Every structure is written in C-alpha cells, then in structure tokens.
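Grab a coffee and open the structure viewer. Below are a few exercises, each with a worked solution to check against your own.

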Amino acid sequence: MASTPAPLVPDWPYCGDGVTSGDRAGCIGRSVDPHPSCLAHLSGLDRDTHLASLNAGDDIDYRGTSFTDQLLDQLLNALSDPTTSHPRLGDARFESATFTGDADFESATFTGDARFHLAIFTGNAWFESATFTREAQFDSVTFTGTAGFESVTFNGAARFYSATFTGEAWFLLATFTDAAVFISATFTDAGFRAATFTDTADFGSAAFIRDARFASATFTGTAQFRSATFAGTADFGSASFNGAARFHSASFTGAADFESATFGGTADFGSAIFTGIADFESANFTEDVDFGAAVFERAAELGPLVCGNTVFLSGARFSGPVTLSIAARRLECHRTRWESTAALRLRHADVDFAHAVFEYPLSIAAEQAYFRHSRGTRGSVVPEDLLAGTTGSGVSIVSLRGVDAAHLVLADIDLTQCQFTGTVYLDQIRLEGNCTFAIVPARTQWRRLRPQQFTQRRTLAEEHYWRSRQPTAVPGWQQAVPNTGHTEHVGPAQLAPVYRALRKAFEDSKNEPDAADFYYGEMEMRRHDHDRPRAERALLAGYWALSGYGLRATRAVVWLLLAMTGTLLVMMLWGLPADSWKPETVGILSGRQVRLPTGKPDPVNPTNALHERLSTKRFEGSLRVVVNSVIFRSSDQDLTTAGTYTEMASRLTEPVLLGLALLAIRGYQAIRALTSGNGPDPSPPSHQPATGGQGRAWRVASGAAGLVARGHPGRVRTKRPTVRRAASQPGGRRTNRGCLAGSLSMSSGQWSTHGVELGSRSVIKRFRGEHREQAEREWRALKLLARYAPGLAPEPWGADLEAPEPTVVMSRLSGEPLRGRSLDAGQIKALAATLSRLYVAVPPDALAAVPRRPGHHQALIAQICSWTPQTQAQAGDEVSRAMNHGLAWLADAGMETAVQSDVPRVFGPGDGNLANYLWDGSEVRVVDFEDSGVSDRAFELAEITEHVATWVDQPLDIEAFLEQFELTAAESVRLKDCRRLLALIWLFLLSFDKGDKPRNPPGTAERQASRLLNLLD
C-alpha cells in the first residue's frame, strides 16, 4: 500500500533546497533553528554545532528530513544517554521523514511522543528493544525493508494505521501496554510470536499477504481482526485471548491454525471464510464461540475443541467432507449447511439442529471417551476443565425441526427433549446405540380422587409439553422451556404423524420393541385428536381401555377375567333356571295308533334367596356356559331369558377379549425374542433411499494379498462377462463362483468365500462359515468408516455374525468401477483424495483396537517360500527367470525381519482391485473390506499399483497416481520394496493359470514377468 504523499508546501518552516520551477517546495525538511536549512542540508560546521548542542532526552523535530544511515547514526549518537550508551529522545517528530539507508533505533528510549506519520523507510528499520514511553505514531508509514520491532515496549498507544510493511515485520516478544492499532495495515510477512497486547489490539481490515505468526501471543484486551485478510498461514497456535476475540468477516485463504489457543472472552468468527485448513484442535473457549454464517471450503476437521458455553454454527456452510469434534454445553446449528458428508462427534452438548440442511449422510454421535490429541504426546487427552460443572458427557438434541432426516444417523443421543415436529422423511432416520426418549410419569398419580397410572413407554418431548398444558394434567409431565420453539401450537394432530414415522423407522431397522412404543404413542394421539370423527375416537378409546392398543396383555387378560367372572355370577344368580326340567309323557289311545308327545316346560326363574343360588351345582353349570362362550360355542344349557341374553353377550365380547389378549401376548413374545436374540435380522431395511445403480452389480474382488491370506492360488479373468442384476437370479442371490470382471476367479466351490445378494438399495454379503473372520472385518470396517468418514463406504445396516453363514447388510452405492477404464487426471486425483481420507479416517485411539490386516508382507513372504518348489518346475523360461531374480532380491532385502517403526500406521482396505473403487462423476467411494485392518500407506499403495486389474485392461498412470501422495522418506523406500514383493506374488499367482481352459489371455504371466524385472532394475 503506497503512503499518502506529503503536501507540496508543508505547514512547518522547511528547507526548500533543490527547488525547481515544477516543484514549489523543494526539500520539505524542517529548518534547524536558527538556520534556514534542514539537518540534511546544513553545512558540515553548522551540523556539527547543532548536534553538539543536543543532549539525551531533548525534544527533536526533523519532519520531512531525509536521513541517510550515517546522518541518523550521528543524530542518535548525539542523543545517547551516558549511563546506558543508548539513545534517549524526548518528543521525537519524524513525520514525512525519509530514511534511505538502514534506520537503526535499536534500544532507543522515546520518553515523549514518537511521531513517524507518513515516514518512509527504504532500507531496514531496526527498533529492537526500543522503549516508547508515550504514544508511538507510525500511521501510513512505509517499511520497504525489514521492520524489526523485536522485544519493543510500547507503554503508550502504538498506532500503525494504514502502515505498509513490504518486507518482513517482526514484533517478536513485543509488549503493547496501551492500545495497538494496525487498522488497514498491510503485511507481507508478519511475526508477532509471543507478543503481549495488554489493551485493545485492533487489526481490523488488515491484510496479511503471506504468513501471519501470532503463536503464543497474549491478548489481554479485545483482539480485533474484523475483515482482516490472511492470504498465507494464519498461525495463532497457543495464543491466549483473555478478552473478546473478533474475527468477524475475516478471510483465511491459507491454513488457519488456532491449535491449543485459549479464548477467555467471547470469540466471534461469524461470516469468516476458511478456504484452507481450519485447525482448532485443543482450542479452549471459556465463553461463546460464534461461527455463524462462516464458510469452510476444505476443512476436513474442526476440533476437537472445548467450549464452556455455546458453539454457534448457525448459517455456517461446509463445502467438503468434515468431521466436527466438539465438547461444549450447547451447540446451535440453525440452518447450517453441509454440502458433503459430515460426522459430528460431541460431548456434553445440547444440540439445536433446527432447519439444518444436508444432502449427504450426516452422523451425530456422543463420544464416551475424552477426545485425544492427534499430534503431540501420544494418547494425551484434550482437557475439559471448562465443563467440570456438567452432569456427565452425554449429548442431547433439543430440536430437529425442519430437518430432512433421510441421511441422518444418531448414535447414543439423548432425545428426551428433542422436538421432532416439522422434520421431513423422519421415517428414514437411523438411531444407533443407546438413543433415549422421554418416558411417562413413573408413579401413580391421583386426579379427582381417582388413581391414575401410566404404562411405561418411550414418548416424545412434545407430548409431554402438550399434556402439561391440559387442565387435567397430572404432575410428572415436562413443561416446555420458553423460547425453544412453537410448542404451544403442537398437539395430537401434529404428533400422530411423528409417532408414525418413528415407528416405521424402528420397524425398518428391525427394532420392534421401540417400534411398539411409538405405535402406542401414535394411537394415543389419534385418540386425543378432537378433529377426528367421534366414532373413530370412541373406537380407539375402547381399543385402549381393553388392551392398550393390542400391546398390553395384562390389561386384556384382566378384562377377560372380569367379563368371565361377571358372566359366571349372572348365570349363577339369574341365568340358570330354578330346576332342570323332567320329561313328562302323556299317552292317548286312538284306534290303532298310540302317540306319546313329550312337552318341555319353560325354564322357571329362580325365586329362592340369592345366597342360596350360589351353590356348587349352579357354579358348575355356569362355568360350562362361560367357558363355551369364550371359545364361541353354545353350551346347550337350559337358560332363563336373562341367561340367554347374557350368554349371547358373552359369546360376542369374551372371544374378542381373548383375541386381544393373545395378540398382546404374541407381540410381547416377539419383542422378547428380538431383544434376547443373537443379532438383528440381516434382511435390509426398506427406509434407505435408493442410491445404487440400476444395471450393475458390485465387483466382488480380492487382492493378491487377500487371496494369499486365505491360502489359495488364483487366476485372473480378463474377459468381461455380462453382469446381471440379482433380481434375475433365483432368490436374488449371486455367489462369487466365476467371479465378476477383473476379480480373482474362484472357480471351485472350495474357493468361494461369500455370496452377494443385490437389492435396489441394499447389498447382503453371506460368508461361508469357515470365513467368519472376513465377515467380522467387513462389519468392523463399515462401522468405523460410518462413524469417522461417513459417505466414503457403504452404510452398515445390520449383521448376524453368529449365524452358520455370517451375514453383513449394507447400503448400495452408486457409481461405475474404475477398473477397466482409462482414468483422466480428475479421476486419478479423486481416487488419491479418497485413499488419503480413508487411510487417516480412523483416529489413533480407535485404530489401536483394530487387528493387523491379513496378507501383510511377512505372510506373503511365507507363502512365496511354500509355492517356490512346485511353481518353478512348471513355469516357462521367461517367467522362471523373473522368479529367480525376484527370489534373489527377496533373499537380500530382509523384509521378513524388517520393523517399520518409522512408517505411520493407517487403516488399510486390504484390496487393491480398482473394481472396488466406484466413480459417481464427482468423487470415488470404496467397497469390499473383508481383508481390512491396520496397515501402512506404502503397502496399500503397492496393492493398487501392482494389482493385475491396474494394468491388464486399461493401464493406470502409476507415476501420476503416486505423485498425489506426499510420502516420507521411509515410506518411499518401503513403497519400492512392497511393489517388488507384490509383483512377485502376482507372478506366482498368474503362473498357476495353465491347463486346457486358461482364464487369462495368452502372455499375461509373461507380461507380469517383464513388469517385475523392470521394478527390480
């Protein structure tokens, strides 16, 4: 930024030397009394006389004067304090002065005001260890060279308004006791490391062209960076902000590093733009932190950070995949937008997610353990002292109003106060782990002298709020918290669809116990909805009273017993006649015919005392009537008129009550069977939105290391068969006998490891019993990636790992396999980005519990040793020569005993077949994790580059692919060895492809031999 030019005619007595017709002022240097010339143009004798008259601490005025480094040294020597040998100046006026050489004010003391307004430093400006007792004015100053202010002390205000630092600006260990004003200043390279700002530090609208280093700086007052621009790295690591920190509308083009920063006051990042990394790991916010309307373009991680109050993300936008790790009392995400997959790992927080927008899978999970540092001391946790007063680390959601829940996954979340009304596609939400809901009042309540007891069930918070507003409400129903939503307008009509949607979500995930509770809630809301027809409400009231909507077996059985008991008493008292009738025959002789008609008298109502009717004989007769009525049969018993009508009524009511009791008992037994079973039903839930392609099945493929780990030599099938949908197969089942294109063929039944059933939205993998560990690895990988890298792999829907044929159910991904196609630069970059994200997705603490992947390099070496005798004898000359070279290299490489302590551990998918990487037009996603586990990047990359599918059809540009990864020196060395090892393994595998019906084109093994020899050169 150019400085403001000095006026042509200054308002002080000036030198005027060198005046021309085009320049009215000439030299504008302040005249040195009593001379007309400035210090720069004084004669030698006059200058010496003037300088000799100066003493330490004198006020000086050299406005507009041009200083060479020699002239400045003479001046400062004249002002040197004899006791310290350092310059000591009083009021120092250098406005509009020009310093053409190095300006050395090191250790100078300015006891008065120091005014450098509009000064120009064409060389370096050194102010190290200088002390400014009063105000220091550097407004609109231009520093062309280095501006060194290390260890400077500003006891008065330090003003650098609109200053321009073309070179480096160093304020290391500087102390600003009063206000520090850098408004609209321009820094090419700024260093304020360990600087101390006791009062306000105002960098509003400042521009940092390259790096800005504020690491370990201390801001006691307000730190103002509003609208500041950081084009390079903004390093605020370990900085302390004791007052308010305001970065509103700031722009971070490079990395924004706030690792371990401490914010004692409010922190405002509203409307800030983070184009690069936003690193807030271990940052501590005592008060609120506001990221409202902020934009995160490429922030893959945000946190873990700790906030003692509220984290505001309302209106923020995340453009790429991101993981948020936050421990706070409250998290507000009103209208927050996620434009890619996201995972929220939270602790302690009450989350308001109202009207949040996300089009890709998003998970919210409560972290049970402390967050851990990803760098620094291994295993150290992020302290949560700011949250010491909270009750537990659980996470609760208070609102999902206005959210499209089709891609939402909640894990271990407290939903007792969550508002669900207004949520769309709620039937597609997924609840994992222990997600708790509100329950009805637990104890018996008295209302109008009548006891009232509620059957325990899960309920919505909005039902609590609605019931608490009713005039007849009993204690125990929660009341709505003011200003938390329009709960006063929510009633049964709005709650019934919510209960119905949640019931369907639980049913689709085979969670029948919770589904039953939400079915009960739906029926309750329909019964209390006064907008429904009276007849429907009456029918629902009867259904509720008699059997609890077919879910309360005890209630139905009690009613049945009461009905039977009532029928029994009525029969004994009034239903049975006084005496059983006796046949009476009357004979009439008429000619030769004799007729003997028998008349049956009408039953006689009993007339004796009531207690006399309660006899054993009448009890037995009444019991026969009651039992037959229950099973809808006639007892053929003589009954009085009252008894006849009573029997008719009982034959209608008691079978109904029996049916309701049986229905409730059946539902109870089904719930018990599900809750005590070994695992969920492996059939896919129907609520998952269709994401799979319509005409292509997944490639069930194995890498060389994976096949070797299972102990089978393999063949490569390069001819691409027609892939049919599973629906065309009997039962929709497809085994991987005769594997799909590009995979290692498992042509015999003994080699088949699993079958695949493809649905329109789901995939079911059924493993052979002897390969149970593959199912376990697949399920473990899917769960880990769903939690830490959602959207990268299929979603885990269910698993039955104890079944004779272990089963894993997952969502079906869209996209075309990368195998067999020529990849352009964009696809290679997308593949590398996916792999980079996959390798580091699982955090170190979770990765520690993951076993080592099968088919690691020691296992491959052992397998080569077992294959060598039988293979070399039948291999051709070219293949045998390459094998010999490879075995000679392997004998000298020492890989079997090598320890990779300097190679970072990562999560490896365990399969390098490009058929397992699906391209959907914008990004790459991964399938098939049956051989996954702990590995390292070098080995996993070698799995891809040396897999036969990488080169047999459409060769991958391996050089361009590997250039996408920044490997350490140790990883680069290991990558070279791993590529050779895996190429040797593939040579052995391809050499088995002999016989009458080879699976590979002629010359495939020879091509692999040539590839191995090239790698060995």
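**Exercise 1. Work out the order of the strands in the sheet that holds β67, β69 and β70, and say which strands stand at its edges.**

Keep in mind that this is a predicted model. Start with the order: the three strands make an open sheet that reads β67-β69-β70, with antiparallel pairing. Next, look at the edges. β67 (816–817) and β70 (924–926) each have a single partner strand, so one side of each has no neighbour in the sheet. Now zoom in on one pairing: two bridges link β67 to strand β69 (residues 917–919) in the antiparallel sense. For a residue to click on, try E816, whose bridge partner in β69 is W919. Finally, add the helix: α13 (residues 825–839) lies across β69 and β70, and runs at about 45° to β70.

**Exercise 2. Find the partners of strand β49 (residues 408–411), then decide whether its faces are covered or open.**

Take the partners one by one. Strand β47 (residues 362–366) runs parallel to β49, and four bridges join the two. Within that pairing, S363 stands opposite V409. Strand β51 (residues 430–432) also pairs with β49 in the parallel sense, over three bridges. Here L410 has L431 as its bridge partner in β51. As a reminder of the chemistry, strands of a sheet pair through backbone hydrogen bonds, either parallel or antiparallel.

Now for the faces. L408 and L410 sit on one side, V409 and A411 on the other, and all of them are buried, so both faces of β49 are covered.

**Exercise 3. How many disulfides does a search of the whole structure find, and why does C38 not form one with C27?**

The count comes out at zero disulfides. Remember that a disulfide is a covalent bond between the sulfur atoms of two cysteines. For C38, the closest cysteine sulfur belongs to C27, at 3.6 Å, which is too far for a bond because the cut-off is within 2.5 Å. While you're there, check burial: C38 has 0% relative accessibility, so C38 counts as buried. C418 is buried too, with a relative accessible area of 0%.

**Exercise 4. Compare the expected and modelled spans of helices α12 (residues 772–788) and α19 (residues 969–991).**

Begin with α12. At 1.5 Å a residue, its 17 residues should span 24 Å, and the end C-alpha atoms are 25 Å apart, which agrees. Its buried residues include W779, L782, L785 and Y788, and charged names such as R777 and E778 are on the list as well.

Repeat for α19. Its 23 residues should span 33 Å, and the end C-alpha atoms are 34 Å apart, so that agrees as well. Then ask how enclosed α19 is: 17 of the 23 residues are buried, so the rest of the structure largely encloses this helix.

**Exercise 5. Is L658 buried, partly exposed or exposed, and where does it lie?**

Locate it to begin with: L658 lies in helix α10 (residues 641–675). Its relative accessible area is 26%, so L658 is partly exposed. Then look along the chain: L561 is 97 residues away, yet the two C-alpha atoms are separated by 9.5 Å.

**Exercise 6. Sum up the chain as a whole: how many helices and strands, and what share of residues is buried?**

The chain has 20 helices and 71 strands. Of its 1017 residues, 52% count as buried. Its exposed area is about 43300 Å², with 51% supplied by carbon and sulfur atoms.

How values were computed
Residues are numbered from 1 along each chain as its sequence is written. This is a predicted model: local features need pLDDT of at least 70, side-chain atom pairs count only at pLDDT 80 or more; totals for chains, interfaces and linings use all residues. Side-chain values use heavy atoms; hydrogens and water are left out. Buried means under 20% relative accessible area, exposed over 50%, partly exposed in between (1.4 Å probe, protein chains only). Two strands pair if DSSP finds at least two bridges between them. Contact means heavy atoms within 4.5 Å. Axes are lines fitted to C-alpha atoms, for helices over the stretch in contact, and angles run from 0 to 180 degrees between N-to-C directions. Accessible areas come from the Shrake-Rupley method with a 1.4 Å probe; for residues, only the protein chains shown count as cover. The expected span of a helix is 1.5 Å times one less than its number of residues.
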